[in-house]
Amino acid sequence: MSVRHSTALSIRNQLAGTVTSVAPGEVMATVQVRLEGGQDVTAAITLEAVKDLGLGEGSEVGILVKSTEVSLATGPVEGLSIRNRFPGTVTEVATGGAMASVKVAVEGGKLTAAITKDAVDDLGLAVGTPVVALVKSTEVSLTGR
């Protein structure tokens, strides 16, 4: 599901969801969002952004993540502080001289990871490879819908 914007964005990863909770801190808040496919996403954003977007339980939001902020794992993911873990399957691998773009189908959408060509080779990534896409909550941006 893509997010509709009045301006075009270079950010490849645009998903849609609904806020399930907002936990405010002194300066930052943790916002839980459920994607249309059922996957939960955690975003750590400023309290000012929560207020500016008028976020609360039930708010519809767009989720934006730069492809350079998506990491991939091919094995079990344990013992990490990264909150957002999206199991999926590689659907496309495009490599250049040093970098690669890897598209991953996940429940409720798709994600693109910009990783090194060496990482693609080391992980043996190809169409059909099962992976887990990893995104730190501080790298998730939200927009109003």
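A residue is called buried here when its relative accessible area is under 20%, and exposed when that value is over 50%, with partly exposed residues in between. By that standard strand β3 is mostly covered, since five of its seven residues are buried. The model discussed here is predicted, and the values that follow were computed from its atoms.

**Overall build**

The protein contains two helices and ten strands, and read from the N terminus its elements follow the order β-β-β-α-β-β-β-β-β-α-β-β. Its C-alpha trace spans about 45 × 35 × 25 Å along the principal axes. The radius of gyration is 15 Å, which agrees with the value near 15 Å that a compact globule of 145 residues would have. Buried residues account for 39% of the 145 residues. Among contacts with a separation of 6 or more, 61% join residues that lie 24 or more positions apart.

**The two sheets**

One open sheet consists of five strands in the order β3-β2-β1-β4-β10, with antiparallel pairing. Its edge strands are β3 and β10 (141–144), each of which pairs on one side only, and neighbouring strands of this sheet are turned by 45° against each other on average, direction ignored. Within this sheet, the hairpin of β2 and β3 has four residues between the strands, and Gly38 in that hairpin takes a positive phi near 105°.

Another open sheet is also built from five strands, in the order β5-β9-β6-β7-β8, and here too the pairing is antiparallel. Its edges are formed by β5 (71–73) and β8 (109–116), each pairing on one side only, while neighbouring strands are turned by 45° against each other on average, direction ignored.

Three of the strand pairings are set out below, each with one bridge as a landmark.

| Strand pair | Direction | Bridges | One bridge pair |
|---|---|---|---|
| β2 and β3 | antiparallel | seven | Ala29 and Ile45 |
| β4 and β10 | antiparallel | four | Gly62 and Thr143 |
| β6 and β9 | antiparallel | six | Gly88 and Val131 |

In a regular strand the side chains alternate between the two faces of the sheet.

**Nonpolar cores**

The largest nonpolar core has 32 residues, and those with the most contacts inside it are Ile63, Leu72 and Leu142. At least two residues of this core come from each of the strands β1 (13–24), β2 (28–35), β3 (40–46), β4 (60–65), β6, β7 (99–106), β8 and β9. Leu72 illustrates the reach of such a residue: leaving aside its neighbours within four places in sequence, Leu72 is in contact with Val102, Val104, Ala113, Ile115, Leu123, Leu125, Val131, Val132 and Ala133. A second, separate core has five residues, including Val77, Ile82, Val132 and Leu134.

**Asn84 and Thr42**

Two polar residues offer a closer view of the model. Asn84 is found in strand β6, whereas Thr42 has its place in strand β3. Asn84 counts as buried because its relative accessible area is 0%, and Thr42 is likewise assigned to the buried class because its relative accessible area is 10%.

The side chain of Asn84 reaches the backbone nitrogen of Thr42 at a distance of 2.7 Å. The side chain of Thr42, for its part, makes a polar contact with the side chain of Gln32 at 3.0 Å.

The wider surroundings of these residues can be listed in a similar way. When neighbours within four places in sequence are left aside, Asn84 is in contact with Asp40, Val41, Thr42, Ala133, Leu134, Val135, Lys136, Ser137 and Val140. With residues up to four places away in sequence not counted, Thr42 touches Thr30, Val31, Gln32, Arg83, Asn84, Ser137 and Val140. Ser137 and Val140 therefore appear among the contacts of Asn84 and among those of Thr42.

**Asp121**

Asp121 is found in helix α2, which covers residues 117–123. Asp121 counts as partly exposed because its relative accessibility is 46%. Asp121 and Pro24 are separated by 97 residues in sequence and by 42 Å in space, taken from C-alpha to C-alpha.

How values were computed
Residues are numbered from 1 along each chain as its sequence is written. This is a predicted model: local features need pLDDT of at least 70, side-chain atom pairs count only at pLDDT 80 or more; totals for chains, interfaces and linings use all residues. Side-chain values use heavy atoms; hydrogens and water are left out. Two strands pair if DSSP finds at least two bridges between them. Axes are lines fitted to C-alpha atoms, for helices over the stretch in contact, and angles run from 0 to 180 degrees between N-to-C directions. A nonpolar core is a set of buried Ala, Val, Leu, Ile, Met, Phe, Trp, Tyr and Cys residues joined through side-chain atoms within 4.5 Å. Buried means under 20% relative accessible area, exposed over 50%, partly exposed in between (1.4 Å probe, protein chains only). Contact means heavy atoms within 4.5 Å. A polar contact is a pair of N or O atoms within 3.5 Å; within protein, one must be able to donate a hydrogen and the other to accept it, and residues adjacent in sequence count only if both atoms are side-chain atoms. The radius of gyration is taken over C-alpha atoms; the globule rule is 2.2 Å times the number of residues to the power 0.38.
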